[in-house]
Amino acid sequence: MMKVAVFASGTGTNFQNLLNQKDLDIDFSLLVCDKPSANAIKIANDNNIEVLSFNPKEFNSKAEYEKLITDTLLEKEVELIVLAGYMRILSSEFVNKFNNKIINIHPSLLPLYKGATAIKDAFEDEKNIFGVSVHYVNEEVDGGEIILQDKVLNTEGLTLEEVTAKVHELEYKLYPMALKSIINRG
Ligand code: GRF
């Protein structure tokens, strides 16, 4: 079983969706969370998954809390880091240390609409192209090699809320598929 750490900051619906996939050969060894009140922590607790939660404001620097994360990942022999709504940018030192071992899901058809408000940006853009991308994480935010991506179809006339729901549905399909392809590659 591949040892995986999930990093999340918020509601954790992607995290929950991954846990629901009974055919994923994954040992969810750790949740890393930078918001001690996040719902993702409740999900981890309900599933007996160890949690490393921290408040970045209580550290002098990013290097300091990333050292805590790194030490915990190494101690738990984590093989893959799965970002699922982790809202902090990882330092290049961290990304390079775990080169090719960090993946992210982003709610757009990258390279379109990078950043934290991707769905809204797509909605407000006249091109109206919606999608989901799973990609490796490198030093460039929302850059990195694409593992899997797909478009959300039939969005004409929908509200932002309705499109957002459709984007999330596609996320729940693509993230498990991407993980399976990584596991199969070995
Ligand atoms: C998802 O839309 C994901 O693509 C983005 O952050 C959101 C996380 O949502 N990176 P959730 O916490 O999994 O519900």
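These are my notebook entries on what I looked up in this structure, which is a predicted model.

**Entry 1: the sheet**

I started with the strands. Seven of them, S1 to S7, make an open sheet, and I wrote down the order as S3-S2-S1-S4-S5-S6-S7. The pairing in this sheet is mixed. Which strands sit at the edges? They are S3 (51-53) and S7 (146-151), and each of these pairs on one side only. I also noted the turn between neighbouring strands, which is 15° on average if direction is ignored.

**Entry 2: pairs of strands**

Next I went through some pairs. S1 and S2 run parallel, with 7 bridges between them. Here I found Val6 standing opposite Leu31 of S2. Leu31 turned up again when I looked at S3, where its bridge partner is Val51. S2 and S3 are joined by 3 bridges and are parallel as well.

For contrast I checked S5 (residues 102-106) and S6 (residues 131-136). These two run antiparallel, with 4 bridges. His106 is found opposite Ser133 in S6.

**Entry 3: how the chain gets across**

I followed the chain from S1 through helix H1 (residues 13-20) into S2, and this β-α-β unit is right-handed. From S2 the chain goes on through helix H2 (residues 39-46) to S3, in a β-α-β crossover that is right-handed.

Is S2 mostly covered or mostly open? I got 7 buried residues out of its 8, so I wrote "mostly covered", buried meaning under 20% relative accessible area.

**Entry 4: the cores**

I had a rule of thumb in mind: in soluble globular proteins, nonpolar side chains tend to be buried together. So where are they here? The largest nonpolar core holds 42 residues, and Phe15, Leu31, Val82 and Ile103 have the most contacts inside it. Helix H6 (residues 160-185) gives the most to this core, 9 residues. A second core lies apart from it, with 19 residues, including Phe7 and Phe54.

I then zoomed in on Phe15. Leaving out residues up to four places away in sequence, I listed what Phe15 touches: Val6, Leu31, Ala40, Ile43, Ala44, Ile49 and Ala84. Val6 and Leu31 were already in my notes as residues standing opposite one another.

I looked at H6 too. This helix lies across S1, S2, S4, S5, S6 and S7, and runs at about 150° to S7.

**Entry 5: salt bridges**

How many salt bridges are there in the whole structure? My search gave 8. The general idea is that side chains of opposite charge can pair when their charged atoms come close. I looked at three of them.

- Asp46 and Lys42 form one, with the closest N and O atoms 3.0 Å apart. Both residues are in H2, 4 residues apart, about one turn of the helix. Asp46 counts as exposed because its relative accessibility is 53%, and Lys42 is partly exposed at 49%.
- Lys67 and Asp71 meet at 2.6 Å, N to O. They lie in helix H3, again 4 residues apart, about one turn. Asp71 is partly exposed, at 37%.
- Lys76 and Glu50 meet at 2.9 Å, N to O. This pair links distant parts of the chain, 26 residues apart: Lys76 is in the loop between H3 (62-75) and S4, and Glu50 in the loop between H2 and S3.

Is Lys76 buried or exposed? Its relative accessible area is 18%, so Lys76 counts as buried. Its partner Glu50 is partly exposed, at 42%.

Conventions:
Residues are numbered from 1 along each chain as its sequence is written. This is a predicted model: local features need pLDDT of at least 70, side-chain atom pairs count only at pLDDT 80 or more; totals for chains, interfaces and linings use all residues. Side-chain values use heavy atoms; hydrogens and water are left out. A nonpolar core is a set of buried Ala, Val, Leu, Ile, Met, Phe, Trp, Tyr and Cys residues joined through side-chain atoms within 4.5 Å. Buried means under 20% relative accessible area, exposed over 50%, partly exposed in between (1.4 Å probe, protein chains only). Contact means heavy atoms within 4.5 Å. Two strands pair if DSSP finds at least two bridges between them. Axes are lines fitted to C-alpha atoms, for helices over the stretch in contact, and angles run from 0 to 180 degrees between N-to-C directions. A crossover is right-handed if, with the strands pointing away from the viewer, the path from the first strand over the helix to the second runs clockwise. A salt bridge is a side-chain nitrogen of Lys or Arg within 4 Å of a carboxyl oxygen of Asp or Glu.
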